[in-house]
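Colleague: I am new to this structure and should be grateful for a close look at a single part of it. Please describe that part at length, and then set it beside a few other features.

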Amino acid sequence: MELKWLLYVALLALGTFAIQAHDMDDDNDGDDVVDIEDDLDDGIEEVEESKPETSSPPPTPKVTYRAPVPTGEVYFVESFDKGTLDGWILSKAKKDDTDDEISKYDGKWEVQDMKDTKLPGDKGLDYKLHFIFRHKNPKTGKYEEKHAKRPDADLKTYFTDKKTHLYTLVLNPDNSFEILVDQTVVNSGNLLNDMSPPVNPPREIEDPNDQKPEDWDERPKIPDPDAVKPDDWDEDAPAKIPDENAVKPEGWLDDEPEYVADPDAEKPEDWDEDMDGEWEAPQVANPKCESAPGCGTWQRPMIDNPNYKGKWKPPMIDNVNYQGIWKPRKIPNPDFFEDLEPFKMTPFSAVGLELWSMTSDIFFDNFIICTERAVADDWANDGWGLKKAADGAAEPGVVGQMMAAAEERPWLWVVYILTVALPVFLVVLFCCSGKKQPSAAEYKKTDAPQPDVMSEEKEEEKDKGDKEEEEEEETNEEKLGRQT
């Protein structure tokens, strides 16, 4: 048992030493910045010195950006790698009925070199990803916006992790659609079933000229016309009455008020009676009432009136003339049309960007519109794929992330140590906790009965001892025979 406690104490001491050693390393490091590439180079130089000159370490992998090139037919493609905004027009918008100085929201945008792959997101409380398309009514010729249902996925991470993200919209000839972020589907549906308002209007509508008849009865229950108020029903009886059985407690101070002026209060020096009026000390609880059951005029407590019935109302019965809830009749919808192929959207000849954000540092590039999914995926891999690889190379590994988390929350070191030490302690405890056999001396001290049958191991030791004694006797007899 002592061995178990010694192991447990040793493990705790080892964990404490590890924490102190980490803290000392942090203190020694200070605010120094560690260059991983320099450390790798130093390590490579040491390996080169210890190895023959013929061997050389493999080159460090690097992510090199190149302008993406479409691998198939496209309708529109823009990567902004030309360094200019040729073909783009800065539009100007203005709110109606608003002063020109405050109604403009024509911002400035330009081509910039990326200095950091971490992109800040908008700090809004709600995170939305819209899919809206304009549908033309074939009868009226008017356009109406159709909004896709809201995604069920949590989009907060995409807007707050400050990383580069890829947004994709896929429309299929069967009217199904998919919205992807970083090649992961976050919303999907069908243009005929999952848009609001629906693409196709209903076949029938309620007749706007239909009116409910005057004698239409929509009341499922009505007051019983034959019911009569009972003679003993008192509508004027109060709901609460004084308790006549109550008795004023002994020691009640009738002449003492509940609150008195604070005797320690003093009028402020800047108090102006002409401006502030006559000064009065603030009211405080009467100290004489603290030891008494109460102060002031005693009144009987109020209780529920057993004779209270309230205003009489006749009971409700089923309405024999009930006709149900009236609804206007249905008529064919004069504006009905059926577009079974809304994926064939209105042709467009331009791409526009409408940005509403409280964050200035927002970057975007690499737009593509095409008919082949594979072409879009290749374009994404050549552009966004490289940026994602660069982000991944800059991020620390699992061990690095655990170390960084522990630096912010030191209590995590205890969790790490216990996670490693507890299994080791349990294994050692299990291996060292064998049942100890009592010795012969213990039997003599306690007078406990000894087992009659010896174990197989003790029997083997006894047989071995008997054999050795027989061999020794034979050897002694041979020696005596030679001497005689």
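Modeller: The description below begins with one strand and its partners, and then turns to a helix and to charged pairs.

The model is predicted, so local features are given where pLDDT is at least 70 and side-chain atom pairs only at pLDDT 80 or more, while totals for chains, interfaces and linings use all residues. Residues are numbered from 1 along each chain as its sequence is written, and side-chain values use heavy atoms, with hydrogens and water left out.

The part chosen is strand 5, which covers residues 176-181. Strands here are DSSP runs of E with at least two residues, and helices are DSSP runs of H or I with at least four, numbered from the N terminus. Of the 6 residues in strand 5, 5 are buried, so the strand is largely enclosed by the rest of the structure. Buried means a relative accessible area under 20%, exposed means over 50%, and partly exposed lies in between, with a 1.4 Å probe and protein chains only.

Strand 5 has a partner on each of two sides of the sequence. Strand 4, residues 167-171, pairs with strand 5 in the antiparallel sense over 5 bridges; two strands are said to pair if DSSP finds at least two bridges between them. Within this pairing, L169 stands opposite I179 of strand 5. Strands 4 and 5 form a hairpin with 4 residues between them, and N175 in the turn has a positive phi of about 75°. Strand 6, residues 184-190, also pairs with strand 5 in the antiparallel sense, over 6 bridges. There, V185 is the bridge partner of L180. The hairpin of strands 5 and 6 has 2 residues between the strands, and D182 takes a positive phi near 55° in it.

Two residues of the strand deserve a closer view. S176 belongs to strand 5, and a relative accessible area of 18% makes S176 buried. The side chain of S176 makes a polar contact of 2.6 Å with the side chain of D174, and another of 3.0 Å joins the side chains of S176 and N172. A polar contact is a pair of N or O atoms within 3.5 Å; within protein, one must be able to donate a hydrogen and the other to accept it, and residues adjacent in sequence count only if both atoms are side-chain atoms. Apart from neighbours within four places in sequence, S176 is in contact with V170, L171, G189 and N190, where contact means heavy atoms within 4.5 Å.

E178 also lies in strand 5, but its relative accessibility of 26% makes it partly exposed. Not counting residues up to four places away, E178 touches T168, L169, V170, V185, N187, S188 and R373. T168 is 10 residues from E178 along the chain, and their C-alpha atoms are separated by 8.0 Å. As a general point, side chains in a regular strand alternate between the two faces of the sheet.

Helix 8 can be set beside the strand. Its 20 residues, 412-431, reach 29 Å from first C-alpha to last, close to the 28 Å expected at 1.5 Å a residue; the expected span is 1.5 Å times one less than the number of residues. A kink of about 25° lies at A421, shortly before the proline P423, the bend being the angle between axes fitted to the seven residues ending at a residue and the seven starting there. Among the residues of helix 8, L412, W413, I417, A421 and F425 are buried.

Finally, the structure holds 16 salt bridges, each defined as a side-chain nitrogen of Lys or Arg within 4 Å of a carboxyl oxygen of Asp or Glu. One of them joins D318 and K221 at 2.4 Å, N to O. D318 is in strand 14 (residues 316-318) and K221 in strand 9 (residues 221-223), 97 residues apart, and the pair links distant parts of the chain. D318 is exposed at 52%, whereas K221 is partly exposed at 44%. Another joins D304 and K240, with the closest N and O atoms 2.4 Å apart. D304 lies in strand 13 (residues 302-304) and K240 in strand 10 (residues 240-242), so this pair ties together parts that are 64 residues apart in sequence. D304 is exposed at 54% and K240 partly exposed at 46%.
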